[in-house]
Amino acid sequence: MIRIEIITNQSVYSELIENLEACIPDFLYTVIPLAYGRGGESYKLGDSTWPETNVMVIAYAQDDMEQKVSQVVRYVKLKFPTEGIKMFVLHDKS
């Protein structure tokens, strides 16, 4: 079992979800719609100084889904190279 965390700029969130659902029909996930923080290039605080925000997508899946999700994330990153999209995978060691 793995935990997948995808943090993305709000501007590409719908594109990411559309592609995940189209390529992986059984992909189940939870969305945290307002994720504030600091990325490599700027802050995402949702205020008048730093108006952008991020979205966090969390999914628990079988190990074999990692490659499929990674391919979709890579595709979206290639399509939007200047938008921040990061994927993290945590593996269950028990």
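In the predicted model, Thr-53 is placed in the loop that joins strand S4 (43–44) to strand S5 (54–61). With a relative accessible area of 6%, Thr-53 is buried, because the cut-off for burial is a relative accessible area under 20%. The side chain of Thr-53 is in polar contact with the side chain of Gln-10, at 2.9 Å.

A second buried polar residue, Asn-9, belongs to strand S1 and has a relative accessibility of 5%. Two polar partners were identified for the side chain of Asn-9. A polar atom of this side chain lies 2.8 Å from the backbone nitrogen of Ser-11, and the side chain of Asn-9 also makes a polar contact with that of Glu-83, at 3.3 Å.

Helix H1 spans residues 13–23, and its buried residues include Glu-15, Leu-16, Ile-17, Asn-19 and Leu-20. Among the elements that cover the buried residues of H1 are strand S1 (2–9), strand S5 and helix H2 (65–79).

Helix H2 consists of 15 residues and extends 22 Å from its first C-alpha to its last, which is close to the 21 Å expected at 1.5 Å a residue. Five names make up the buried set of H2: Met-65, Val-69, Val-72, Val-73 and Val-76. These residues lie on the same side of H2, because the arc they cover around the axis is only 95 degrees. The exposed residues Gln-67 and Leu-78 are carried on the face of H2 turned away from its buried side. The packing partners of the buried residues of H2 are S1, H1, S5 and strand S6 (85–91). Helix H1 thus appears among the partners of H2, just as H2 appears among the elements covering the buried residues of H1.

Aromatic rings were examined separately. A pair of aromatic rings is described by the distance of the centres and the angle of the planes. The count comes to one aromatic pair. This pair is formed by Phe-27 and Tyr-29, with 5.6 Å from centre to centre and 25 degrees between the planes, and is stacked; planes under 30 degrees apart count as stacked. The two residues were also assessed for accessibility. Phe-27, at 4% relative accessibility, counts as buried, whereas Tyr-29, at 28%, counts as partly exposed. The value for Tyr-29 falls in the partly exposed class because that class lies between the limits of 20% and 50%.

Note on methods: Residues numbered from 1 in each chain as written. Predicted model: local features only at pLDDT ≥ 70, side-chain atom pairs only at ≥ 80, totals over all residues. Heavy atoms only, no water. Helix = DSSP H or I, 4+ residues; strand = E, 2+ residues; numbered from the N terminus. Buried < 20%, exposed > 50% of the residue type's maximum accessible area, 1.4 Å probe, protein only. Polar contact = N/O pair within 3.5 Å; in protein donor to acceptor, adjacent residues only side chain to side chain. Contact = heavy atoms within 4.5 Å. Expected span 1.5 Å × (residues − 1). Arc of directions from axis to C-beta. Phe/Tyr/Trp six-rings, centres within 6.5 Å; stacked < 30°, edge-to-face > 60°.
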